Amino acid sequence: MTSWDSQRYLLQGQAEGVDPTILLRAEQTASRILAVNPRLTVVLSLRHLAHMCDVPYEYLRRVARTDKDFEPYRVFSLKKNIANSGRSPRTIYAPEPLLLRVQRWIHRNILAKADMHDASTAYGEDCSLIEAARPHCRASWVIKLDVSNFFESILEPKVYRVFRRLGYQPLVAFELTRLCTWVRAEGNVAARRDTGSGPYFHPYVGHLPQGAPTSPMLANLVSVELDSEISRLAKSEGLSYTRYADDITLSFVGAGFSRQRARAVIGQCQALMIARSLWPNRTKTRVIPPGARKIVLGLLVDGARPALTREFRAQMRQHLYYLEVLGPVTHAANRGFDSVIGLQNHLFGLAAYALGIDKRWAREVLGRLRALPWPTAFEMPA
C-alpha cells in the first residue's frame, strides 16, 4: 500500500471537478490520521475502503448493516486440544472469502502499524513464545492469571474507540468496527442496545470473533490501558509483567516476596480486569513459589533461557516410538485422530514450535518425522 500523497489527491480531485470543500475535508481527515501515526493507511469512507480492498461496496455495506438474511461468518466449535482433551470446545468464526480479504487488508494496513504496549507479547511482528517467557527466567515467584472468553468479552464500543484513537473519523471508525466484529442474531441481555435507529442499528452489540485475522491485534490495542495499569502495579511491587493474549504473567526474582503479597497482587489485577469488563478465569489463577518448577506459556523458565519441558519431549518421543513401530495409520486411529493428515499436521506443528526453542533437538525430531511412511507428502521448512 502506497503512502498518502496529499498533493496528488488534491490535483486529481480538482481535475475531476470535485467540490473543493469536499477535497479540503478529505485532506483534513487524512492529516488527522497521519498525525497519530504516519504509517497508517488513510481511509476516507467505506467506498474508499472498498476500492482499496477490491471488494464490492454493497458487500461491505451489508456487513456493516448486519443484514438479517446475510451471515458473513461460518460458526463452528473446535476442541482446544486434539484427542481426549476433556476441555470444553471453543467457538470459531471463520469469515467468508470477501470479508477475509477485507480483514486481512485492515490488519496489514492499519492494525499491524499501530503501537501496542511493550508488555503485550503476542501477535506483533517480533513476538514469539520464547520472547514472551524470557522476562520470567530465573524467577523465584511466578503469578499466572487468565481472562475468560477474551475475544468475546471485547465488544463493539471498545473496538470503535481503537479506530477513533487512531484518527479515523466517527462513521469510518464505526464501519471498520462492524467489519471486524460479529453480531449474533439473538444476543444476550448484557450485550443488548435498548435504543437506536438508522440503517446501521442492530439490537445486539457485536464482539471480536475468534478466527478473524483482525481480532488478535484489536484485542491487544483494546488492552493497552489494562497493560499500562498492570505494568504500573508490577513496577511498584518489583515484578516483571507480560501478557500473551489472555495469559497474564507476573514474576519476582530474588528474596523478599511472599504468598500474602502475591494474593494482594492477584486481587488488584483482577479488580483492574473487571473494571475493563474482562472476567478473570479464577480456576486458572496460579501462584508458583520458590522451589517449585516454573512453567510460563508451556516453557520452562527455571534456567537462564526458556526451554521445552520434559513432558513435551516425552510426548514427542512417545509419538515417534509408536509411529515407527505401528505406522502412522494405526497410531492415528489409536490416538483418536480423525485422519492421518490430522495427526501429521499436529506433529509437524509441534516440531515447528520446538524449532523456535531448541533447534538441535527439533531438527532430530523433524528428521524422524520426515522419514516415516506418511500416506501423502508433507513439506516442512528447515
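## Exercises on a predicted model

I288 touches S140, W141, V142, K144, R293, K294 and I295, leaving aside residues up to four places away in sequence. Keep that list handy; the structure here is a predicted model.

**Exercise 1. Work out where I288 lies and whether it is buried or exposed.**

*Solution.* Start with the secondary structure: I288 sits in strand β6, residues 286-288. Next, check the accessibility. The relative accessible area of I288 is 12%, and the cut-off for buried is under 20%. So I288 counts as buried. Now look at who surrounds I288: the contacts include S140, W141 and V142, along with R293 and K294. Finally, take the C-alpha distance to I143. I288 and I143 are 145 residues apart in sequence, yet their C-alpha atoms are 6.3 Å apart.

**Exercise 2. I295 is one of the contacts of I288. Find which residue stands opposite I295, and describe the sheet around that pair.**

*Solution.* I295 faces L300 in β8. Step back to the strands: β7 and β8 (residues 299-300) pair antiparallel over 2 bridges. Then add the third strand. The open sheet runs in the order β7-β8-β9, with antiparallel pairing. Its edge strands are β7 (295-296) and β9 (307-308), as each pairs on one side only.

**Exercise 3. Describe how β4 and β5 are joined, and say which residue in their hairpin takes a positive phi.**

*Solution.* First the pairing: strand β4 (residues 240-244) runs antiparallel to strand β5 (residues 247-252), and 5 bridges join them. For a landmark, find T242, which stands opposite T249 in β5. Then go to the turn. The hairpin has 2 residues between the strands, and A245 takes a positive phi near 60°.

**Exercise 4. Find which residues make the nonpolar surface patch of about 380 Å², and place L326 in the chain.**

*Solution.* The patch is made by Y321, Y322, V325 and L326. Pick L326 and trace the backbone: L326 belongs to helix α12, residues 310-326. Now for the accessibility. L326 comes out at 38%, so it counts as partly exposed.

**Exercise 5. Zoom out: how many helices and strands does the chain have, and what share of its residues is buried?**

*Solution.* Count the elements: 15 helices and 9 strands. Of the 382 residues, 45% are buried. Turn to the surface next: the chain exposes about 19,700 Å², with 51% of that supplied by carbon and sulfur atoms. Last, the contacts. Among those with a separation of 6 or more, 66% come from residues 24 or more positions apart.

Conventions
Residues are numbered from 1 along each chain as its sequence is written. This is a predicted model: local features need pLDDT of at least 70, side-chain atom pairs count only at pLDDT 80 or more; totals for chains, interfaces and linings use all residues. Side-chain values use heavy atoms; hydrogens and water are left out. Patches are made of residues with over 30% relative accessible area and no salt bridge: like charges are joined within 9 Å, nonpolar side chains (Val, Leu, Ile, Met, Phe, Trp, Tyr) within 5 Å. Accessible areas come from the Shrake-Rupley method with a 1.4 Å probe; for residues, only the protein chains shown count as cover. A salt bridge is a side-chain nitrogen of Lys or Arg within 4 Å of a carboxyl oxygen of Asp or Glu. Helices (H or I, at least four residues) and strands (E, at least two) are DSSP runs, numbered from the N terminus. Buried means under 20% relative accessible area, exposed over 50%, partly exposed in between (1.4 Å probe, protein chains only). Two strands pair if DSSP finds at least two bridges between them. Contact means heavy atoms within 4.5 Å.
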